[in-house]
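User: I'm new to this one. Can you walk me through the ligand site?

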Amino acid sequence: MHIYIDGEYHDQTTAKVSVFDHGLLYGDGVFEGIRFYNRRVFKLEEHIDRLYDSAKAICLTIPIPREQLEADLLECIRRNELDDGYIRLVVTRGVGDLGLNPKLCKTASIIIIAAKISLYTDELYQRGLDIVTCATRRISSAALPPAVKSLNYLNNVLAKIEAMQAGAAEALMLNDQGNIAECTADNVFVVKRGQIFTPPVTAGSLRGITRGVIFDLCAEADIPISEPDLTRYDVFTADECFLTGTAAEVVPVVQCDTRVIGDGRPGPVTQRLVKMFRELVGKTGTPIDKTPLPVHIGQAAEPATAGAR
Ligand code: PXG
């Protein structure tokens with residue numbers, strides 16, 4: 001594995017960060033999880049935009065321009081010789097003092113890992129997930145803007161532990177008002193009488209890029225979609241439910257807190273969106289391979305020297 005750290009490549013055993021890195025000491029940093037399919041990076045611009053926005057929101061300067069970061073990311077995938085996979089792009093505050101003050105960290109560190117990922121088994125995608133509501137509430141947006149994809153995932157990790165302890169695949173996280181925010185790394189959608197509903201991002205969810213794709217697909221397929229506040233009742237009584245995320249993609253949910261959703265099988269709207277999503281990821285995205293410069297017919301491939309003229 002070729003892992004990028006601040007412009008240099010390391011293998012898995014030598015790819016290390018300092019114990020003084022504030023990403024480790026304080027969870028001070030931001031990240032993105034990005035997929036590539038069929039040698040194309042899915043929604044690269046959107047992920048890079050979100051990364052720079054997250055960084056800006058926490059006053060973190062990413063030390064290279066976005067064009068350079070994109071080029072480095074594509075190079076990292078090429079070096080790892082993968083056609084399909086997952087990128088973890090991390091920007092930490094960098095090495096500093098044993099104190100919170102981020103000003104003492106001279107430069108942010110950039111890490112790029114390209115690897116394979118599979119979150120759930122094929123069988124779970126076919127059958128659908130069981131989820132449970134967890135007692136851990138989503139951190140209030142007044143405490144930490146949920147739009148910032150920060151290295152602070154303890155809130156989500158605690159929720160995931162609760163789900164695992166209950167034998168469920170995912171945890172449904174509520175906000176301080178008791179409305180649905182999201183799952184631990186996925187946005188939540190319900191289908192009722194042919195319409196799709198998902199919580200507004202102001203309810204405490206990340207503005208997921210896959211969530212955005214669902215809005216685009218709904219527009220294309222003429223499926224009404226809106227963002228009202230949702231409660232557990234809406235999930236229990238939904239005809240269908242599904243989750244979206246870069247890692248999870250689009251995954252059906254068939255049970256929540258022992259209530260069977262719909263007829264207990266992935267529903268037609270979910271299946272249609274899964275199919276549309278699969279088609280989209282297969283045919284769109286930023287090519288990993290460098291595009292060769294066009295050679296125009298009748299034009300010499302080599303530039304003519306002065307003497308030849
Ligand atoms: N909510 C949260 C809290 C997330 O972390 C999503 C929603 C879905 O967003 P996207 O943009 O991916 O549609 C996420 C995404 C991982 C992993 O390794 C986590 C995410 C993405 C990729 C990998 O657990 N979180």
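Analyst: What follows is about the ligand and the residues around it. This is a predicted model, where local features need pLDDT of at least 70, side-chain atom pairs count only at pLDDT 80 or more, and totals for chains, interfaces and linings use all residues. Residues are numbered from 1 along each chain as its sequence is written, and side-chain values use heavy atoms, with hydrogens and water left out.

User: How many residues surround the ligand, and which are the closest?
Analyst: The ligand has 20 residues around it, counting those with a heavy atom within 4 Å. Arg88, Tyr153, Glu182, Thr210 and Thr246 are the closest.

User: How do those in the shell divide into nonpolar, polar and charged?
Analyst: Six are nonpolar, nine polar and five charged. Asp, Glu, Lys and Arg count as charged; Ala, Val, Leu, Ile, Met, Phe, Trp, Tyr, Cys and Pro as nonpolar; the others, Gly among them, as polar.

User: Which side chain has an N or O atom 2.6 Å from a ligand oxygen atom?
Analyst: That is threonine 210. On the side chain of lysine 149, an N or O atom is 2.9 Å from a nitrogen atom of the ligand. For tyrosine 86, a polar side-chain atom lies 3.3 Å from a ligand oxygen atom.

User: Where does the ligand lie relative to domain 1 and domain 2?
Analyst: Domain 1 (2-117) and domain 2 (122-281) both give residues to the shell, so the ligand lies between them. The bounds come from an automatic or database domain assignment.

Definitions and conventions
A polar contact is a pair of N or O atoms within 3.5 Å; within protein, one must be able to donate a hydrogen and the other to accept it, and residues adjacent in sequence count only if both atoms are side-chain atoms.
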